[in-house]
Amino acid sequence: MTLPPAPARSGLALFAAIACGGFFAFGQDDKAAEKAAPPAAATPAPPEKAAEEPDPFAVPDGNVEDLFRYIDELPGKRPKARTYSESIEYQRKLGQALVKAAEKIVAAKPAREQLRKALEIKLAALAGLCRIGDKDAVEKLEALPGELEKAGLDDLVRRARNALLTTRVSGLRIAPPEERDRLVAEVKAFLGEGRLHAEDVRLAMGTAQALEYSNKEMAADLFRNFGEMFVKSGDKLLADQGEKMKGAARRITLEGKRMPLEGETLDGQRLDWEKYRGKVVLVDFWATWCGPCLAEIPNIEKYYEAYHDRGFDVISISVDRDRQALVEYVEDHDHPWLVLWDGAAKEAKDLKSMSTYYGVFRIPTLVLIGADGKVAALNPRGAQLGEQLARLLGPLPEEETQDQQKAREEPAGSRGG
């Protein structure tokens with residue numbers, strides 16, 4: 001069976017989807033396409049030379065309408081295998097074809113709206129190519145603001161500058177301190193120039209997140225700074241993202257601090273945080289649609305069973321937007337710990353959204369709180385959770401036995417002294 005081609009969409013939306021890894025479909029059932037072997041013959045006829053298929057990414061000549069039609073038909077040019085290297089190669093070829101087609105449209109001196117659409121496609125394609133490491137695309141993207149300015153498309157000039165900064169920010173994590181500080185200053189100046197837009201959220205987030213693990217204090221300062229900018233933007237959606245950035249600054253500096261919690265279960269019961277005083281508590285931000293979140297749950301269950309009697313508990317906070325999806329999940333999975341629905345905060349004026357208050361942009365996000373009420377570890381996943389629990393509550397009996405057995409098996413005198 002071969003999957004049907006996806007419906008046509010503009011090259012701009014197409015490449016944006018592909019560059020984010022969300023648009024792949026592949027042929028299946030290659031055996032159905034195999035031809036039966038020809039019957040044996042004394043003098044077999046020479047095999048017919050298979051007609052070479054045209055390169056789907058060879059941009060044709062034609063008028064402006066033909067080129068836009070070619071761009072809209074590109075969703076059908078998909079690979080037949082799903083491997084990482086092949087998908088990256090597909091994105092590269094597709095992006096390059098979009099750029100070339102857009103450049104041909106521009107060279108044909110189209111009407112202004114057609115020119116704008118072509119340059120939007122070129123911008124989106126170059127930005128996507130930069131994200132997959134195409135060096136030639138970086139050079140073209142650097143030249144694009146001048147081309148857009150010459151065309152009088154000032155709003156696209158800003159978007160092109162945003163794309164350039166976003167590309168440079170991708171290497172911020174390993175940049176030398178001087179280069180890092182210079183680029184951060186450029187991002188701050190750019191975001192502070194005037195009215196903020198939706199694409200600016202990605203730039204701000206990418207800048208702060210790039211430093212989250214190498215320079216936590218600097219990252220927290222950026223989250224706070226950028227958060228205030230977006231909160232004051234006058235746009236509700238951007239302001240919501242700004243509050244979340246301020247929350248991220250709060251979250252990444254939680255270690256050694258208390259973590260106030262509030263929330264509501266699906267049946268309307270409020271969290272009594274005081275009941276957990278003196279316990280080691282894992283707070284798990286997750287969603288029913290999140291594969292890595294669901295994959296982590298058996299690990300949490302394992303340690304819950306092992307350490308619950310010693311004072312370990314779990315509070316999971318679902319960030320599902322679809323309440324019914326969470327209801328059905330909870331009905332099918334009888335977890336022994338408390339499950340809160342973060343969406344209840346939208347309906348209750350006296351309730352904070354914990355995912356916003358702690359700036360949860362990625363899930364699962366885990367926070368381990370010690371018996372003293374202070375955060376002991378951020379994101380202890382897999383075996384790290386067991387290591388942290390052993391540190392806070394002591395090793396499990398079988399682990400004690402293994403240590404003792406190892407000590408007994410060591411040759412005499414091997415421990416020194």
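## The largest cavity

Glu 262, Gly 263, Glu 264, Ile 317, Leu 340, Trp 341, Asp 342, Ala 344, Ala 345, Leu 351, Lys 352 and Met 354 form the lining of the largest cavity. The structure described here is a predicted model. The volume of this largest cavity is about 50 Å³, and the count of cavities of 30 Å³ or more comes to one.

Sorted by residue type, the lining of the largest cavity consists of seven nonpolar residues, one polar residue and four charged residues.

## The largest pocket

The largest pocket has a volume of about 860 Å³. Its lining is made up of 24 residues, of which Lys 244, Lys 346, Ser 353, Ser 355 and Thr 356 are the closest to the centre of the pocket.

Two helices, H10 (236–252) and H13 (354–357), each supply at least two residues of this lining. Helix H10 provides the largest share, with seven residues. The lining of the largest pocket divides into 11 charged, eight nonpolar and five polar residues.

## Cysteines and the disulfide

One disulfide is found when the whole structure is searched. The bond links Cys 290 with Cys 293, with a distance from S to S of 2.4 Å. The torsion about the S-S bond of Cys 290 and Cys 293 is about 75°, and the disulfide is therefore right-handed.

Are the cysteines of this bond, Cys 290 and Cys 293, buried or exposed? A residue counts as buried when its relative accessible area is under 20%. Cys 290 has a relative accessible area of 4%, so this residue is buried. Cys 293 is also buried, because its relative accessibility is 2%. Another cysteine, Cys 130, has a relative accessible area of 9% and is therefore buried.

## Leu 366 and its surroundings

Leu 366 belongs to strand S4, which covers residues 365–369. With a relative accessible area of 0%, Leu 366 is buried.

Which residues is Leu 366 in contact with, leaving aside its neighbours within four places in sequence? The contacts include Leu 282, Val 283 and Asp 284. Glu 296 and Ile 300 are also in contact with Leu 366, as are Ala 377, Leu 378, Asn 379, Pro 380 and Arg 381. A separation along the chain can also be set beside a separation in space: Leu 366 and Phe 285 are 81 residues apart along the chain, while their C-alpha atoms are separated by 6.3 Å.

Terms used. Residues are numbered from 1 along each chain as its sequence is written. This is a predicted model: local features need pLDDT of at least 70, side-chain atom pairs count only at pLDDT 80 or more; totals for chains, interfaces and linings use all residues. Side-chain values use heavy atoms; hydrogens and water are left out. Helices (H or I, at least four residues) and strands (E, at least two) are DSSP runs, numbered from the N terminus. Buried means under 20% relative accessible area, exposed over 50%, partly exposed in between (1.4 Å probe, protein chains only). Contact means heavy atoms within 4.5 Å. A disulfide is a pair of cysteine sulfur atoms within 2.5 Å. On a 1 Å grid over the protein atoms alone, a cavity is a set of points where a 1.4 Å probe fits but cannot get out, and a pocket is an open set with protein on both sides within 12 Å along at least five of seven lines; lining residues have an atom within 4 Å of a point. Grid points are joined across faces, edges and corners, and a volume is the space filled by probe spheres set on the points. Ala, Val, Leu, Ile, Met, Phe, Trp, Tyr, Cys and Pro count as nonpolar, Asp, Glu, Lys and Arg as charged, and the others, Gly among them, as polar.
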